Amino acid sequence: MKNFLLACCVLISMVSTAQDPFFTQAFNNPLTLNPANAGNGEMDLRFTAAFKRHWINVPSAMQFAAVGVDRYIKNLHGGVGLLLTNSKEGYLNKTNLSAMYSYMLCLPNARLHLGLQAGVGNRNVNYSKLYFSDQIDNTGIIPGAISGADMPLNNNKYFADFASGFLLYYKESWMFGGGAQHINQPDESLTSNTISKLPMRWFGYVRYKYNLDEDGERYLLPSMILYNQQNSNSFSIGCEYKDARVGIGAWYRGNVNFQNSDAFGVTLSLDLFDRRENDVDRVRVGLSYDATTSKLGFSRSAGSGEGTFIWEKLSPNGVRSDERCDADYTMKGTPCPPRF
């Protein structure tokens, strides 16, 4: 009974705030971060996957997953991508399949990507795992009781969902990104007599690359990510150390006015192929752990764990990221700031 009540409280909380899930390793999940990242891999073909178990001790099994594939296509002067996401929050399940296109433009001392995203989402509740008031008495759940409650008419709700974003590399050290998700504010309501719009979410981020050696093989990446969705806002600030094989980072997440703290996180990324010796393949695995600092408390939540995977491949006729401006006939001869 106690676990049931806790799970219901979590479900009610998540539904009432209607906020999007997030990944601690945001930059290891490029397509979920920004549609302008489509086709922006170091190689021309990229596959990504991520899974997050949120609040490990909470019995509602809150978890988020994303799988994406994207490719740079020279004739399109940019990249295309597909992204499949799924979130389970209590007994609420949401799945979204999106297509993306990003146009790349090389400018003096800068490199600009403009992205569009269009997708279809599905939202449903597994009512077979819920208990209603006529299935509960003062001793708890009544064994074998069947509820007379009416099921919602619009369960398995489908809706269109759109997003857009930009990504700018400036000189060799700065990266800026931003945009909006759920631009059309789709109606997610599971009943026929109410409207429940998914609020538009604005996002923005900045990253700076600070080289620790002359070759740029070892560097620091201080970063900040900002989100705003309806009456909720949050930011993540942190720094990663990276070299040819390892990336280690520390992050803090809270809201913009610093009144509510959410979590401290640590990240670890391992590149399985040394980029100094292999210029056609990339494989990266990432792990992170968040220690909860919100009112839920670390002892009750046990924090959150996350894993990511990135595989990149240079196809026989593919173009590496740092050669694309010169390879694209519309931008030939324009300097191409490196991605990072």
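I started with Lys94, which is partly exposed, with a relative accessible area of 22%. The buried cut-off is under 20% relative accessible area, so I did not enter Lys94 as buried at 22%. The model I am reading is a predicted one.

**Lys94 and its partner**

I looked up which residue pairs with Lys94 and found a salt bridge to Glu188. The closest N and O atoms of Lys94 and Glu188 are 2.9 Å apart. I placed Lys94 in strand β4, residues 92-107. Glu188 sits in the loop between β9 (174-181) and β10 (201-208). The two are 94 residues apart, so I noted the pair as a link between distant parts of the chain. Glu188 is buried, because its relative accessible area is 4%.

**Salt bridges, whole model**

I ran the count over the structure and got 16 salt bridges. I then went through two further pairs.

Asp44 forms a salt bridge with Arg71, with 3.5 Å between the closest N and O atoms. Asp44 is in the loop between α2 (30-33) and β1 (45-53), while Arg71 is in strand β2, residues 63-73. I wrote down a separation of 27 residues for this pair, which also links distant parts of the chain. On accessibility, Asp44 counts as buried because it has 3% relative accessibility. Arg71 has 34% and therefore counts as partly exposed.

Next I took Glu306 and Lys52, whose side chains meet in a salt bridge at 3.8 Å, N to O. Glu306 belongs to strand β17 (residues 304-313) and Lys52 to strand β1, and they are 254 residues apart. I checked both ends for burial. Glu306 has 6% relative accessibility, so it counts as buried. Lys52 counts as buried too, because its relative accessibility is 0%.

I followed the shared partners from there. Lys52, Arg253, Asp262, Asp290 and Glu306 are joined into one network by salt bridges that share partners.

**Cysteines**

I searched the whole structure for disulfides and found 1. Cys106 and Cys325 form it, with their sulfur atoms 1.4 Å apart. I noted -45 degrees about the S-S bond, and the link of Cys106 and Cys325 is left-handed. Cys106 lies in strand β4 and Cys325 in helix α4, residues 324-327. They are 219 residues apart, so this went into my list of links between distant parts of the chain. Both Cys106 and Cys325 are buried.

I also looked up Cys239. It counts as partly exposed because its relative accessible area is 31%.

**Nonpolar patch**

Which residues make the nonpolar surface patch? I listed Phe47, Val67, Val69, Leu82, Leu84, Leu97, Val120, Tyr158, Phe309 and Trp311. The area of the patch is about 840 Å². I sorted the residues by element and found that β2, β3 (78-89) and β17 each supply at least two of them. Strand β2 had already come up with Arg71, and strand β17 with Glu306.

I picked Leu84 from the patch for a closer look. Leu84 lies in strand β3. It counts as partly exposed because its relative accessibility is 42%. Patch residues need over 30% relative accessible area, so Leu84 at 42% clears that cut-off.

Notes. Residues numbered from 1 in each chain as written. Predicted model: local features only at pLDDT ≥ 70, side-chain atom pairs only at ≥ 80, totals over all residues. Heavy atoms only, no water. Salt bridge = Lys/Arg side-chain N within 4 Å of Asp/Glu carboxyl O. Helix = DSSP H or I, 4+ residues; strand = E, 2+ residues; numbered from the N terminus. Buried < 20%, exposed > 50% of the residue type's maximum accessible area, 1.4 Å probe, protein only. Disulfide = S-S within 2.5 Å. Patch = residues over 30% accessible without salt bridge, like charges linked within 9 Å, V, L, I, M, F, W, Y side chains within 5 Å. Areas by Shrake-Rupley, 256 points an atom, 1.4 Å probe, with all protein chains shown as cover.
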